[in-house]
Amino acid sequence: MSRLLMFLLAATTLFGAPEPAKVEPTNAQEAAAKELAAKKAAQEAVIVAKYQAWVAKLPPEEQAWERVLQANLGGFYLPAHQRDKLAGKSNAWDFVKDDPKLPRVLLIGDSVSRGYTLPTRAALAGVANVHRAPANCGPTASGVKNLEAWLGDGRWDLIHFNFGIHDRGTPVKDYAARLETIAERLQRTGAKVLWASTTPIPDDPAQKQTAASIVERNVVAAELMARRGIPVDDLFAAITPRLAELQNPRDVHFRPEGYDFLGARVAAAIRAALPPPR
């Protein structure tokens, strides 16, 4: 073996193999990427323009609701909402025309809550005007920050709320403090307040989440609600026996049948908790 080869082998052993040379994108690749980005931006601009034209034709009350959604839905959910409206599709953030003879209900929660909004609304047709907070409400930190915007100026007869999945990494002490702040504010509205326990999540090391984190936060929330006299709609207990059937594999979200199940459960809890007709 030559001395040069022996030197190279020794250097590799000591210092590791040299990093492969970084390949810079070619001018053609950069141009293609820019063209793709420009095409996507143009398509999004067309959707926004069509959506704004659609909004302009709505009655003033519905236009006002769309402005609330534009201010609160964010960069992920607003484009999805815009596409739904242009396609004539119903979604959780549909404008709700109140029947003045029926109580007003507000649902607050994350994407799981969003998933059961339409089934809940359908199950309570003719019983209650079921509204949804204009956001994917996320963690308790977001609730503390945005609750006034979600409550709006209207009077609520019942508020059904949940925070948990987005707080799976929040220190329990912070979660409890923020949840109490939210619960106290909701009770000050004069509405009947109903807490929904957080639905199960799978263990997922890649996402740094554990099923036990939700169990722990549900215990903390249940203790808080008991102390404040807030009834619990125990969605966790209701759906746990049917997770294999109703929840997406390795996901916190549910199949359509799962949201139908949760919506029926939420509707039954709301119906039982509603104050007597005025």
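The overall dimensions, surface and aromatic pairs of a predicted protein model are described below.

The protein contains 11 helices and 5 strands. Its C-alpha atoms occupy a box of roughly 95 × 50 × 35 Å along the principal axes. The radius of gyration is 25 Å, whereas a compact globule of 278 residues would have a value near 19 Å. Among the contacts with a separation of 6 or more, 73% are between residues 24 or more positions apart.

Buried residues make up 39% of the 278 residues of the protein. The exposed area is about 15600 Å², of which 59% is supplied by carbon and sulfur atoms. Charged side chains comprise 35 positive and 30 negative groups, and the centres of these two sets lie 2 Å apart.

A search of the whole structure gave 6 aromatic pairs. One of these joins Y77 and W93 in an edge-to-face arrangement, with 5.6 Å centre to centre and 70° between the planes. This pair links distant parts of the chain: Y77 belongs to helix α4 (residues 74–86), while W93 lies 16 residues away in the loop between α4 and β1 (104–108). Both Y77 and W93 are buried. An edge-to-face pair is also formed by F254 and Y259, with 5.8 Å centre to centre and 75° between the planes. F254 and Y259 are both buried as well. In addition, ring pairs connect F76, Y77 and W93 into a cluster; Y77 and W93 of this cluster are the edge-to-face pair described above.

Notes
Residues numbered from 1 in each chain as written. Predicted model: local features only at pLDDT ≥ 70, side-chain atom pairs only at ≥ 80, totals over all residues. Heavy atoms only, no water. Helix = DSSP H or I, 4+ residues; strand = E, 2+ residues; numbered from the N terminus. Rg over C-alpha atoms; globule rule 2.2 N^0.38 Å. Buried < 20%, exposed > 50% of the residue type's maximum accessible area, 1.4 Å probe, protein only. Contact = heavy atoms within 4.5 Å. Areas by Shrake-Rupley, 256 points an atom, 1.4 Å probe, with all protein chains shown as cover. Lys, Arg positive; Asp, Glu negative; His and termini not counted. Charge placed at Lys NZ, Arg CZ, Asp CG, Glu CD. Phe/Tyr/Trp six-rings, centres within 6.5 Å; stacked < 30°, edge-to-face > 60°.
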